[in-house]
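Hi,

Here is the structure I promised to pass on. Have a look at it first, and my notes follow below.

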Amino acid sequence: MSAGLCAWGFFYPRPYLPVLALLGLTPVIAVVAAQLSKGAIDLNKDEGPSQFLMLPPIVLALRLLLDFPLVDGWALFEWSLALGGLLTLIGLWLFAKGLPRGKEQWTLLLCGALGAICYAWALLALANDIFPQAAPEHFAVRVLDHRIGNGRHRSYYVTLPPFGPVKERDDWDVGRTAYEQVAVGKPICIDIYPGALREPWYDASACR
C-alpha cells in the first residue's frame with residue numbers, strides 16, 4: 001500500500017495539494033497507529049508499517065525538489081538538522097523500549113535520524129513553497145550554455161549569468177519543457193518567489 005501511495009505521489013500527484021498533504025501526514029498517522037495498537041504494530045520490526053514512516057517523506061522531498069527548485073540548493077539545511085534532531089528525540093522517547101540491542105540498534109538509530117532529517121526538510125520545503133508569500137520577481141536572462149545531466153533522473157540545465165539576487169554564473173535545472181523551448185543566446189524567463197520561510201525558489205519558462 002505504501003508503494004502505491006508513493007507511486008501516486010511521485011508520478012501523478014493529482015489532486016496536487018491533497019496528495020502532498022497526505023504524503024506529509026502519513027508518518028504521523030503511522031506513529032499514532034502504532035501507539036494506539038498497544039504493541040500490535042511495531043515500527044522497529046514490522047517492515048510493512050515502517051515503510052509508511054520512511055518512504056512517503058522521501059517521495060515528498062523528491063516531488064518538491066522537482067516542482068519548487070530552491071535558488072540555494074543548501075537552503076533549509078540547518079533548519080532541517082534542528083527539526084530532524086527534535087523528531088529523532090521524539091521517536092526515541094516513543095519507541096526506545098522496542099529497539100533491538102547491539103549493532104542493529106545503532107543501524108536503526110542512524111536510519112531513523114537520516115529519515116527524520118529528510119522528513120523535516122520535506123515539511124519545511126512544503127511550508128516554504130505553498131504558504132502565502134509575496135509575488136515573484138520576473139527576470140529575462142540570456143542563456144550562455146545548456147546541457148543534459150545523466151543519471152537515474154535526467155536533469156536539464158541552462159547556464160545563466162548573474163542576475164537580480166543571484167551574484168554568480170551558475171547552472172539552473174529548468175526542466176525538460178523550458179529546456180527544449182530555449183536556445184543558447186536567447187532569453188529564458190525566471191520567476192523567483194520569496195518563499196514563505198524566506199528561502200527563494202524559482203520557476204523557469206520560455207519567454208513569450
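Let me start with a loop: L76 sits between α3 (47-67) and α4 (77-95). Keep in mind that this is a predicted model. What caught my eye there is the backbone, as phi of L76 is near 75°, a positive value in a residue other than glycine. For context, most residues other than glycine have a negative phi. Is L76 buried or exposed? Its relative accessible area is 4%, so L76 counts as buried, the cut-off being under 20%.

There is another positive phi to look at. R198, which is not a glycine either, has a phi of about 65°. You'll find R198 in the loop between β5 and β6. Its relative accessibility is 75%, and because exposed means over 50%, R198 falls in that class. To put the two side by side: L76 is buried, whereas R198 is exposed.

One more backbone item, this time about omega. Which residues does the cis peptide bond join? They are R14 and P15, and omega is about -5°. P15 lies in the loop between α1 (2-11) and α2 (16-36). As background, most peptide bonds are trans.

Now the sheets. Strands of a sheet pair through backbone hydrogen bonds, either parallel or antiparallel.

The loop with R198 leads straight into one of them, since it links β5 and β6. These strands belong to an open, three-stranded sheet ordered β1-β5-β6, with antiparallel pairing. At its edges are β1 (137-142) and β6 (201-206), each of which pairs on one side only. On average, neighbouring strands here are turned by 25° against each other, ignoring direction. Between β5 (residues 187-193) and β6, which run antiparallel, there are six bridges. If you want a spot to zoom in on, D191 stands opposite D203 in β6.

Then there is an open sheet of three strands in the order β2-β3-β4, with antiparallel pairing as well. Here the edge strands are β2 (145-149) and β4 (170-173), each pairing on one side only. Its neighbouring strands are turned by 30° against each other on average, again with direction ignored. How many bridges connect β3 and β4? Four of them, with β3 (residues 155-160) and β4 pairing in the antiparallel sense. Among the residues involved, L160 has D170 in β4 as its bridge partner.

That's what I have for now. Shout if anything is unclear.

Cheers

Key: Residues numbered from 1 in each chain as written. Predicted model: local features only at pLDDT ≥ 70, side-chain atom pairs only at ≥ 80, totals over all residues. Heavy atoms only, no water. Pairing = 2+ DSSP bridges. Helix = DSSP H or I, 4+ residues; strand = E, 2+ residues; numbered from the N terminus. Axes fitted to C-alpha atoms, helices over the stretch in contact; angles between N-to-C directions. Buried < 20%, exposed > 50% of the residue type's maximum accessible area, 1.4 Å probe, protein only.
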